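Trainee: I am new to this structure and would like to go through it with you. Could we take it one question at a time?

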Amino acid sequence: MSNFDALREALPRIIDGIIVTVQLTLGGALLALAVAIAFGLAARLHNPFVRGGARAFIEVFRGTSLLVQAFWLFFVLPAFGIRLEPIVVGILALGLNYGAYGAEVVRGSINAVPKVQWEAAIALNFSPAQRMRRVIFPQAWVLMIPALTNLMIHLLKGTAIVTAITLQDLTFQINRLRESTGDTFFAFGIALVIYFVLAYILTLVMQVVEARAKFKLGRGPSMREIFKLKPDVDEAVTVGRR
Amino acid sequence: MWSWHHAWESLPVLLEGFRITLLATVLGFAIAAAVGLVVAVLRITLPKWASWPLHAAMEFVRLTPLVVQLLFVFYAVPPGVSGLQVGIIVLGIHYSAYMAEVYRAGIEDVPKGQWEAARALSLPPTRTWRAVILPQAIRRIIPSLGNYAVSMFKDTPFLFFIFVAEMVTRAQQYGGQTFRYTEPITIAGVIFLIASLVTAYFIRRLENRYAKQPG
């Protein structure tokens with residue numbers, strides 16, 4: 001049987017694997033974003049208990065390897081009477097781990113918003129919640145998107161560990177293809193290309209998110225302008241040339 | 001829930017695995033630091049058409065999962081090569097792709113006047129790099145390199161997938177034999193946490209030291 005016959009036969013399973021990988025990536029990314037924002041904000045509060053708790057959470061999940069966390073949720077939680085579906089374990093491990101990294105990004109970006117913006121919001125008599133929601137966070141959001149994109153790529157690559165907790169993701173299915181064809185280069189070549197494409201799509205989506213966030217702040221073109229087929233001719237340049 | 005008997009029994013097994021974890025980190029880091037430097041210097045000195053394939057290869061290494069790379073190389077190399085050797089080399093190459101970017105940023109951060117001064121003294125290119133540019137570039141990026149060392153350390157459990165008996169593999173095996181996962185996996189986590197916190201402390205000290213000196 002040639003490699004391509006084997007691939008054709010394995011294709012439905014590989015697509016199932018891709019679906020598992022995409023589910024983990026999206027679920028993990030959403031959870032990570034929520035965790036990052038919640039703990040990033042909490043780590044800036046004045047209340048020492050809230051701040052200390054947030055710091056402890058961030059340090060624990062950043063400091064203990066992703067695989068250890070996945071194993072802990074998968075093997076140890078049942079001993080405490082909590083038995084979760086493997087896909088839930090995967091999403092939890094990825095979301096908590098990368099969420100902890102993201103919390104530092106959120107915290108750093110909020111601190112990087114110029115101080116005058118805080119002062120202006122106070123001068124306008126905004127409440128602390130309004131200040132954060134209407135003035136500070138939208139600006140911090142633009143700052144944090146590139147770092148969050150990097151983290152999401154890491155998260156996507158991190159999903160490959162879930163085979164160890166019995167999930168049949170893309171890596172698992174590709175390993176089966178390798179076993180059936182005996183051709184390592186062929187099977188993993190396909191895997192690397194698929195992961196590469198997924199990572200590339202993720203980057204494109206994040207570029208759209210970044211462009212939108214910038215447009216909302218009045219610092220960039222709108223989505224409609226970006227996707228317009230015929231580019232605008234910059235009038236100043238044309239005039240200058242004449 | 002928690003049995004101290006199993007905790008004490010698994011501890012020596014885990015520490016033995018920790019030795020392999022450290023070994024993989026240290027050797028992998030050495031490879032990553034060396035290869036990353038070579039790649040960064042080549043990318044700056046080579047003409048564009050020649051450095052492009054190198055850039056593409058590094059992007060590919062960065063954008064694909066470490067686990068898949070480990071499995072790929074593990075099954076592709078002849079049987080005589082051990083899993084640990086594969087693990088160290090793959091970790092090293094994977095992280096060299098990140099470190100090359102760090103070196104590059106460090107090199108580009110060296111003021112242009114330094115290049116001009118080296119030219120004015122008509123230093124040969126090798127001496128310009130070795131005596132002028134690299135010492136200044138590397139000073140600046142020591143903390144970043146340290147951060148990658150920590151993150152590499154936290155990625156060594158992935159060697160589980162190619163059957164290397166590092167700490168997490170041992171914890172999982174111990175659990176499989178005794179049906180006690182709680183103690184070994186928790187202890188493995190605690191060891192990682194302690195090691196990460198200690199290194200983070202030293203990296204912060206390095207950062208303060210290098211940030212405060214001018215240049």
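Trainee: Is Phe163(B) buried or exposed?

Mentor: Keep in mind that this is a predicted model. Phe163(B) sits in the loop between helix H6 (125-155) and helix H7 (167-178) of chain B. Its relative accessible area is 61%, and the cut-off for exposed is over 50%. Phe163(B) is therefore exposed.

Trainee: What is the phi of Phe163(B)?

Mentor: Phe163(B) is a residue other than glycine, yet its phi is positive. The value is near 65°.

Trainee: In chain A, where is Asn125(A), and is it buried or exposed?

Mentor: Asn125(A) belongs to the loop between helix H5 (115-123) and H6 of chain A. Although not a glycine, Asn125(A) has a positive phi of about 65°. With a relative accessible area of 66%, Asn125(A) is exposed.

Trainee: Let us turn to chain B as a whole. How many helices and strands does chain B have?

Mentor: Reading along the sequence, you meet the pattern α-α-α-α-α-α-α-α. The C-alpha trace of chain B spans about 70 × 45 × 25 Å along its principal axes. The count for chain B is 8 helices and 0 strands.

Trainee: What share of the residues in chain B is buried?

Mentor: Chain B has 215 residues, and a residue is buried when its relative accessible area is under 20%. The buried share is 46%.

Trainee: What percentage of the contacts in chain B with a separation of 6 or more comes from residues 24 or more positions apart?

Mentor: Here we set aside contacts with a separation below 6 and look at how far along the chain the partners lie. Residues 24 or more positions apart account for 80%.

Trainee: Which residues does Glu101(B) touch, beyond those up to four places away in sequence?

Mentor: Glu101(B) is part of helix H4 (residues 83-109) of chain B. It is partly exposed, with a relative accessible area of 26%. Glu101(B) and Phe74(B) are 27 residues apart in sequence and 26 Å apart in space, C-alpha to C-alpha. The residues that Glu101(B) touches are Arg43(B) and Arg62(B).

Trainee: How far apart in space are Ala200(B) and Lys48(B)?

Mentor: Ala200(B) lies in helix H8 (residues 182-212) of chain B and is partly exposed, at 27% relative accessible area. In sequence, 152 residues separate Ala200(B) and Lys48(B). From C-alpha to C-alpha, the distance is 38 Å.

Trainee: Back to chain A: how do H7(A) and H8(A) run relative to each other?

Mentor: Helix H7 (residues 170-181) and helix H8 (residues 184-216) of chain A pack with their axes 8 Å apart, at an angle of about 160°. Angles over 145 degrees count as roughly antiparallel. The crossing of the pair is right-handed. H7(A) and H8(A) are therefore roughly antiparallel.

Trainee: What classes of residue make up the contact of H7(A) with H8(A)?

Mentor: On the H7(A) side, the residues include Leu170(A), Ile174(A) and Arg178(A). They belong to a set that meets residues of H8(A), among them Phe186(A), Ile190(A) and Tyr195(A). By class, there are 10 nonpolar, 3 polar and 1 charged residues.

Trainee: And which classes appear where H1(A) packs on H8(A)?

Mentor: Helix H1 (residues 3-42) of chain A packs on H8(A) at about 35°, with axes 12 Å apart, and this crossing is right-handed. Among the residues of H1(A) in the contact are Phe4(A), Leu7(A) and Ile14(A). The classes are 11 nonpolar, 3 polar and no charged residues.

Trainee: Which residues touch the most other members of the largest nonpolar core?

Mentor: In soluble globular proteins, nonpolar side chains tend to be buried together. The largest nonpolar core here has 115 residues, and its largest share, 14 residues, comes from helix H6 (residues 128-158) of chain A. Beyond its neighbours within four places in sequence, Leu67(A) is in contact with residues including Ile161(A), Phe158(B) and Val168(B). The residues that touch the most other members are Leu67(A), Phe71(A) and Leu177(A).

Trainee: Finally, which residues contact Thr149(A), leaving aside neighbours within four places in sequence?

Mentor: Thr149(A) is in helix H6 of chain A. It is buried, with a relative accessible area of 11%. Its contacts are Thr203(A) and Met206(A).

Terms used:
Residues are numbered from 1 along each chain as its sequence is written. Chains are lettered from A and ligands numbered from 1 in the order in which they are written. Side-chain values use heavy atoms; hydrogens and water are left out. Axes are lines fitted to C-alpha atoms, for helices over the stretch in contact, and angles run from 0 to 180 degrees between N-to-C directions. Helices (H or I, at least four residues) and strands (E, at least two) are DSSP runs, numbered from the N terminus. Angles under 35 degrees count as roughly parallel, over 145 as roughly antiparallel, 65 to 115 as roughly perpendicular and the rest as oblique. A crossing is left-handed if the near helix is turned anticlockwise from the far one by less than a right angle, and right-handed if clockwise. Contact means heavy atoms within 4.5 Å. Ala, Val, Leu, Ile, Met, Phe, Trp, Tyr, Cys and Pro count as nonpolar, Asp, Glu, Lys and Arg as charged, and the others, Gly among them, as polar. A nonpolar core is a set of buried Ala, Val, Leu, Ile, Met, Phe, Trp, Tyr and Cys residues joined through side-chain atoms within 4.5 Å. Buried means under 20% relative accessible area, exposed over 50%, partly exposed in between (1.4 Å probe, protein chains only).
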